[in-house]
Amino acid sequence: METTKTTLTEIATLTFKGKEYELPVTTGTEGETGIDISKLRNITGGITLDSGYANTGSCQSAITFIDGEKGILRYRGYPIEELAAKSNFVEVCYLLIFGYLPNQSVLDDFKDKLAHHSLIHEDMKKFFEGYSANAHPMGILSSMVNSLSAYYPEHDYKADVELNIIRLLAKLKTIAAFSYKKSIGQPYIYPKDDLSFTADLLNMMFAVPSEPYKVSKSVIDALDLLLILHADHEQNCSTSTVRMVGSSEANLFASISAGICALWGPLHGGANQKVITMLEKILGDGGDYKKYIGLAKDKESKFKMMGFGHRVYKNFDPRATILKEAADRVLKELGVNDPLLDIAKNLEEIALKDEFFVERKLYPNVDFYSGIIYRAMGIPTNMFTVMFALGRLPGWIAQWKEMREAPGARIYRPRQIYIGEQRRPYVPIDER
Ligand code: ACO
């Protein structure tokens, strides 16, 4: 529920065109402050200009807390390190969406519902046939999620939303696995209710009807950890997109489909795929990682160190810290020796001491080590961002639900400073 725990503690004073204006200051439960400018245009005639929204709070939210300076991430008050060590993905889904850790019977009921709704309508299987074999699975995922709205329309928010949330959580993994099977030309493997959420996803991706397949416990645990670490991250690009689309009261499936598209970009979730491409390039180039540190520092080169930097984290990304340790453990457990892990560690070690990176507070982000673990699990590179989307789904749903249920919710509609031509006369075509 929005706006329940903030307090007005002080007033900010703005001097503009010779006049003074008082603006209320809102303080969140962790002490972070925001100058409330919601009446700014009405009282001053001016608006704020904040490219990339780096200083703009678009909402009040009770879901996720991040302190980028201290490297803190908490879902509903619980530190990410504790959830990563003690919880599982399905429990974290419940926590994010409904706001509290479920007891055993509530969790069992939630799991049963997720298992029960995991099949997709048989007609939807035909959609996969229309895509070419090299279609990117993120494009397929987004289209298929939007298509769910045709099967489960939202006639009335209150009556339909809870079941549609369950349906989406349950079916996204089936859609993701089917799109993978389609891309490699193997038969679809249907969901199995007796497997855990994560084991079922792996089974649908890697089992074939002709031989037995046993999902390894190390792989299940590693995937569960990855999904938990990606589950929410407050108002990032894709989540803001979900809220933006949802603010017009577009249905859940349409809003999440838009979020999937936003996640796809290489500056956001698509970075996990690009990190591996970059590490493979460095390996193919003789493993000379120092050369690539030099390229990242040279603005003329247009080369970016993928998996480095973050808008919010200016110390370390706590998810990357957990993943670095997990990468070592998982690769050892699976008996995988990946030269890309060594290159990644070398890049990190040098970058952390290099003035360019230190000055700009550039640290490895969640995408830097996640791809190496996905690779060790046998997940192909173009599925990495799909795995991210599966993890982020409960966060998107929680944020969408919070926005729809917030008292006084308004459509998202930023303004602009117009810099185009002033009014000019229309020139008929034969005079141009
Ligand atoms: N490699 C080299 N230099 C970088 C990098 C990088 N990865 N990231 C930022 N910088 C430099 C910028 O060029 C800029 O330098 P300048 O001050 O000399 O002009 C400075 O650091 C600040 O960077 P901004 O671009 O202003 O940072 P912003 O907050 O706008 O962007 C972003 C953050 C998009 C994550 C950026 O760091 C980036 O592109 N990183 C690589 C892609 C990536 O890993 N994305 C995943 C992010 S995590 C996630 O979305 C799940």
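Which backbone lies 2.9 Å from a nitrogen atom of the ligand, by way of an N or O atom of Phe 308 or of another residue? In this predicted model, a backbone N or O atom of Phe 308 is found at that distance of 2.9 Å from a ligand nitrogen atom, and the views below begin with the ligand before turning to other parts of the protein.**View 1. The ligand and the residues around it.** The ligand is surrounded by 21 residues, of which His 268, Lys 299, Lys 304, Met 305 and Arg 311 come nearest. Sorted by class, this shell is made up of eleven nonpolar, five polar and five charged residues. Besides Phe 308, whose backbone N or O atom lies 2.9 Å from a nitrogen atom of the ligand, Leu 267 also places a backbone N or O atom 2.9 Å from a ligand nitrogen atom. Arg 311 takes part through its side chain, a polar atom of which lies 2.8 Å from an oxygen atom of the ligand. Taken alone, the ligand exposes 920 Å², and the protein buries 73% of that area.

**View 2. Ser 142 in helix 6.** Ser 142 belongs to helix 6, which covers residues 137–151. With a relative accessible area of 6%, Ser 142 is buried, because a residue counts as buried when this value is under 20%. When its neighbours within four places in sequence are left aside, Ser 142 is in contact with Ser 257, Ile 260 and Cys 261.

**View 3. The salt bridge between Arg 243 and Glu 402.** A search of the whole structure finds 22 salt bridges, and one of them is formed by the side chains of Arg 243 and Glu 402, with a distance of 2.6 Å from N to O. Arg 243 lies in helix 10 (residues 237–246) and Glu 402 in helix 18 (residues 384–405), so this pair ties together parts of the protein that are 159 residues apart in sequence. Both partners, Arg 243 and Glu 402, are buried.

**View 4. Salt bridges in buried and exposed settings.** Arg 319 and Asp 317 form a salt bridge in which the closest N and O atoms are 2.8 Å apart. Arg 319 is buried, with a relative accessible area of 2%, and Asp 317 is likewise buried, with a relative accessible area of 3%. Glu 421 and Arg 424 form another salt bridge, and here the closest N and O atoms are 4.0 Å apart. Arg 424 is exposed, its relative accessible area being 58%. Elsewhere, Glu 280, Asp 338 and Arg 375 are joined into one network by salt bridges that share partners.

**View 5. Helix 8 and the helices packed against it.** Helix 8 runs over residues 197–206, and nine of its ten residues are buried, so this helix is largely enclosed by the rest of the structure. The buried residues of helix 8 are Phe 197, Thr 198, Ala 199, Asp 200, Leu 201, Leu 202, Asn 203, Met 204 and Met 205. These buried residues pack against helix 3 (89–98), helix 4 (104–116), helix 7 (157–184), helix 9 (217–229) and helix 18.

**View 6. Two loop residues with positive phi.** Tyr 53 has a positive phi of about 55°, although Tyr 53 is not a glycine. Tyr 53 is found in the loop between helix 1 (40–44) and strand 4 (64–67), and at 52% relative accessibility this residue counts as exposed. Glu 234, which is not a glycine either, has a positive phi of about 40°. Glu 234 lies in the loop between helix 9 and helix 10, where this residue is partly exposed, with a relative accessible area of 22%.

**View 7. Val 386 in helix 18.** Val 386 lies in helix 18, the helix that also contains Glu 402 of the salt bridge with Arg 243. At 0% relative accessibility, Val 386 counts as buried. Leaving aside its neighbours within four places in sequence, Val 386 is in contact with Pro 137, Met 138, Leu 141 and Ala 176. Val 386 and Leu 362 are separated by 24 residues in sequence, and their C-alpha atoms are 25 Å apart in space.

How values were computed. Residues numbered from 1 in each chain as written. Predicted model: local features only at pLDDT ≥ 70, side-chain atom pairs only at ≥ 80, totals over all residues. Heavy atoms only, no water. Near = heavy atom within 4 Å. Polar contact = N/O pair within 3.5 Å; in protein donor to acceptor, adjacent residues only side chain to side chain. Areas by Shrake-Rupley, 256 points an atom, 1.4 Å probe, with all protein chains shown as cover. Nonpolar A, V, L, I, M, F, W, Y, C, P; charged D, E, K, R; others polar. Helix = DSSP H or I, 4+ residues; strand = E, 2+ residues; numbered from the N terminus. Buried < 20%, exposed > 50% of the residue type's maximum accessible area, 1.4 Å probe, protein only. Contact = heavy atoms within 4.5 Å.
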